[in-house]
Amino acid sequence: MNAKTGKIKAAMLGAALTLGAAPQAMAEGMDYETVSDLLHLVMNSDRTVYTRMIVNRLANEEGVIKASEHFIDDKALVLPAQMFRFGAEMVAEETDAFSYSLLSLWPINKQNAPATPLEEEGLTFVAENPGENFYGEEELGGTTYFTAVYADVAVAAACTSCHNDHKDSPRTDFEGGDVMGGVVIRIPIDG
Ligand code: HEC
């Protein structure tokens, strides 16, 4: 089935409802690209708000509290990437209808490097084509997936300063507005 024309019903309707999609679109089923774009809009908005209004404001501008990967020991804010992963883990406990992760070609955490050829292709594409998303299909463990990759952009000074200064970062020249990685959303294609 072609990923762009494929329809998703039952499992994704809940997500569509939550996202307030038009009833007509749900009745006819939504294509994978639309569902994925809507899911990404929610997760990216939450991520940007957390970074700008919590981390950048309190850690970088006001100097009230640090953000640290060792947030419990340091009594610090959770990093934006950790915030994102904790959400993804909670979703994974609830449903197999989709999964998502935050990856990069220049990862601080090597586990966030691309793990499939399509992830690598998608991350390269969004880095080289600002403003465009990447959509493809891949077969993993006998299941075919619709896989979308969205650019993860440096939306606050906190993004670039923390990555450029981090001892494990393979890249130290990030600037505001740069693509720093990508959000990968994966939806199993039925039938
Ligand atoms: C205070 C430090 C800090 C801030 C602020 C921060 N990051 Fe990160 N970021 C990290 C660390 C550390 C990791 C690795 C976390 C992990 O997976 O355990 C990470 C992970 C990532 C990843 C996954 C690949 C990797 O490097 O492991 C991306 C993409 C990313 N950050 C982009 C951003 C963007 C964009 C922003 C701003 C919206 C941002 N980061 C803000 C420290 C930071």
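Which residue in β5 does Glu 139 stand opposite? The close-ups below get to that residue, working from the whole chain of this predicted model down to single pairs and then to the ligand.

**View 1. The whole chain mixes helices and strands.** Count them up and you get 6 helices and 6 strands. Walking along from the N terminus, you meet them in the order β-α-α-β-α-α-β-α-β-β-α-β. The chain has 191 residues, and 28% of them count as buried. Look at the contacts with a separation of 6 or more: 55% of them link residues that sit 24 or more positions apart.

**View 2. Four strands line up in an open sheet.** Read across this sheet and the order is β3-β6-β5-β4, with antiparallel pairing. β3 (99–103) and β4 (134–140) are the edge strands, and each has a single partner, so one side of each has no neighbour in the sheet. On average, neighbouring strands here are turned by 25° against each other, direction ignored. What holds paired strands together? Strands of a sheet pair through backbone hydrogen bonds.

**View 3. The β4–β5 hairpin answers our opening question.** Glu 139 stands opposite Thr 144 in β5. β4 and β5 run antiparallel and share 7 bridges. Just 2 residues sit between the strands of this hairpin, where Gly 141 takes a positive phi near 55°.

**View 4. β5 also pairs with β6.** This antiparallel pair is joined by 9 bridges, with β5 covering residues 143–153. Want some partners to look for? Tyr 145 has Pro 188 as its bridge partner in β6, while Ala 151 stands opposite Gly 182 of β6. Is β5 enclosed or open? Of its 11 residues, 8 are buried, so β5 is largely enclosed by the rest of the structure.

**View 5. A helix lies across the sheet strands.** Find α3 and you'll see that this helix lies across β3, β4, β5 and β6. Against β6, α3 runs at about 135°.

**View 6. The ligand sits among 24 residues.** Which residues come nearest to the ligand? They are Ala 81, Asn 109, Cys 159, Cys 162 and Gly 181. Several elements chip in: α3 (32–61), α4 (80–94), α6 (157–165) and β6 (179–188) each supply at least two residues of the shell. The largest share comes from α6, with 4 residues. Sorted by class, the shell has 15 nonpolar, 7 polar and 2 charged residues.

Notes: Residues are numbered from 1 along each chain as its sequence is written. This is a predicted model: local features need pLDDT of at least 70, side-chain atom pairs count only at pLDDT 80 or more; totals for chains, interfaces and linings use all residues. A residue is buried if 20 or more other C-beta atoms lie within 10 Å of its own, exposed if 12 or fewer, and partly exposed in between; C-beta atoms are placed from the backbone. Two residues are in contact if their C-beta atoms, placed from the backbone, lie within 7 Å. A residue is near a molecule or strand if its C-beta atom, placed from the backbone, lies within 6 Å of it. Ala, Val, Leu, Ile, Met, Phe, Trp, Tyr, Cys and Pro count as nonpolar, Asp, Glu, Lys and Arg as charged, and the others, Gly among them, as polar. Two strands pair if DSSP finds at least two bridges between them. Axes are lines fitted to C-alpha atoms, for helices over the stretch in contact, and angles run from 0 to 180 degrees between N-to-C directions.
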